[in-house]
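Open the model in your viewer and keep the selection box ready. Each stop below gives a selection and then what is there.

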Amino acid sequence: MNASYKGFTFSSFYGNSNKDVFGAIRTIWKPDAVKETDYNKLKTYRAFADLGFKHSFSNNYRFTINGTYNGFTQNSIIVFSPARFYSNDLLLEMTHFITPFRNFNIVVGGLLNNISGQGNGQDYNNLNAAIKWVKPYNDVRLAAYTQIDYRPWDFLKLFAGGQLNKAPNVDYNFVPRAGAIINFTPEFGFKAMYGQAFKYAAQYERFVYIPFSRIYGDSTLKPEIVTTLDLQLFVQKSTYQVSVAYFNSVQKDVVTLGVNNYPCLLYTSDAADE
């Protein structure tokens, strides 16, 4: 569903799917709560809603604000292990667009993100006993960002900015970005960009706990940081384009599933990977 009125916008979505899982071994042992008709089923439900508002105060200043909800639920009964995973994601974001003078633009914004959920399963040793496969979580994440771009001359565009992030068990983290685009002629130019990206560990990577599969999360995982340098010399015509580029990307504290006291598997943060 999509709707708009004056400066307001609204969009929503709901969907579900039911899947049969082939290849799983059936067994006569099962939890009492499981019906025969639910065996080897995977049921997924998704919901989305976004309410936004935008307003222009003048030709030099406008802003947008959005409230967004994402919901996810998955019920699965594979062989003899029923499980139910769910998450609720609430996001509030406001962004300001400012043009103090010609060819000079400023973007300033911030967001508040609340994520909650858990995963319920059955104990491998006692099929009628519940166990938390993903421990209950309720996280609040904050971010503030800005970017400035300026074109002092027609052939040169400069831009710089960054984002300040705050997440549970993580100190304030700032990721910068900057760059320039030079057009020696309308068709021939050079581009240089440097930037970093911040990725917080997913909830299952932090809180998963499945003893019989020996898979465990780590709530102290560090955020992944990606640092990228992009240099490019380009020619762009109406009928073709050619470019020569140098691209370098370094990932730090990459979250992986590693072996810990074999055969246990634990999500860990690895060293940098280039």
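## Stop 1: Ala 160

Select Ala 160: it is partly exposed, with a relative accessible area of 38%. That value lies between the 20% limit for buried and the 50% limit for exposed. The residue belongs to strand 8, which covers residues 156-167. Add Gln 147, Ile 148, Arg 177 and Ala 178 to the selection; Ala 160 is in contact with these, leaving aside neighbours within four places in sequence. Now draw a distance from the C-alpha of Ala 160 to the C-alpha of Gly 179. It should read 6.4 Å, for two residues 19 apart along the chain.

Keep in mind throughout that this is a predicted model.

## Zoom out: the whole chain

Show the cartoon. The protein has 16 strands and one helix. Colour by burial next: of the 274 residues, 30% are buried. Switch to the surface. About 17,000 Å² is exposed, and carbon and sulfur atoms supply 58% of that area. For the contact map, take contacts with a separation of 6 or more; residues 24 or more positions apart account for 53% of them.

## Stop 2: the salt bridge

How many salt bridges does the structure hold? It holds one. Select Arg 206 and Asp 139, whose side chains meet at 2.5 Å, N to O. The pair links distant parts of the chain, 67 residues apart. Arg 206 sits in helix 1 (residues 203-207), and Asp 139 sits in strand 7 (residues 130-153). Are these two residues buried or exposed? Both Arg 206 and Asp 139 are buried.

## Stop 3: aromatic rings

Show the rings of Phe, Tyr and Trp. Ten aromatic pairs are counted. Start with Phe 101 and Phe 104. Their rings are stacked, 4.8 Å centre to centre, with 25° between the planes. The label is "stacked" because planes under 30 degrees apart count as such. The two partners differ in cover: Phe 101 is partly exposed at 44% relative accessibility, whereas Phe 104 is buried at 18%.

Next, select Phe 8, Phe 53, Phe 57, Tyr 61 and Phe 63. Ring pairs link these residues into a cluster.

## Stop 4: charges over rings

Select Arg 62 with Phe 97. Arg 62 lies over the face of Phe 97, 4.0 Å from the ring centre. Then go to Lys 166 and Tyr 172. Here the lysine lies over the face of the tyrosine, at 5.8 Å from the ring centre.

## Stop 5: Asn 173

Move to Asn 173, in strand 9 (residues 170-183). It counts as buried, because its relative accessible area is 19% and the limit for buried is under 20%. Which residues does Asn 173 touch, not counting those up to four places away in sequence? Select Gln 163, Leu 164, Asn 165, Phe 198 and Ile 225 to see them.

## Stop 6: two positive phi angles

Open the Ramachandran plot. Most residues other than glycine have a negative phi. Asn 103 has a positive phi of about 70° although it is not a glycine. Its place is in the loop between strand 5 (81-101) and strand 6 (104-122). Asn 103 is partly exposed, at 28% relative accessibility.

Now pick Asp 253. This residue is not a glycine, yet has a positive phi of about 60°. Find Asp 253 in the loop between strand 14 (241-252) and strand 15 (255-259). Asp 253 is buried, at 14% relative accessibility.

Go back along the chain to Gln 251, in strand 14. Gln 251 is partly exposed, with a relative accessible area of 30%. The C-alpha atoms of Gln 251 and Ala 197 are separated by 9.4 Å, and the residues are 54 apart along the chain.

## Last stop: a nonpolar patch

Return to the surface view. Select Met 1, Tyr 5, Phe 8, Phe 10 and Leu 51. Together they form a nonpolar patch on the surface, with about 560 Å² of accessible area. Phe 8 belongs to this patch and also to the ring cluster of Stop 3. Finish on Met 1, in the segment before strand 1 (2-5). Met 1 is exposed, with a relative accessible area of 64%.

Note on methods
Residues are numbered from 1 along each chain as its sequence is written. This is a predicted model: local features need pLDDT of at least 70, side-chain atom pairs count only at pLDDT 80 or more; totals for chains, interfaces and linings use all residues. Side-chain values use heavy atoms; hydrogens and water are left out. Rings of Phe, Tyr and Trp (its six-membered ring) pair if their centres lie within 6.5 Å; planes under 30 degrees apart count as stacked, over 60 as edge-to-face and the rest as tilted. Buried means under 20% relative accessible area, exposed over 50%, partly exposed in between (1.4 Å probe, protein chains only). A charge sits over a ring if NZ of Lys or CZ of Arg is within 6 Å of the ring centre and within 35 degrees of the ring normal. Helices (H or I, at least four residues) and strands (E, at least two) are DSSP runs, numbered from the N terminus. Contact means heavy atoms within 4.5 Å. Patches are made of residues with over 30% relative accessible area and no salt bridge: like charges are joined within 9 Å, nonpolar side chains (Val, Leu, Ile, Met, Phe, Trp, Tyr) within 5 Å. Accessible areas come from the Shrake-Rupley method with a 1.4 Å probe; for residues, only the protein chains shown count as cover. A salt bridge is a side-chain nitrogen of Lys or Arg within 4 Å of a carboxyl oxygen of Asp or Glu.
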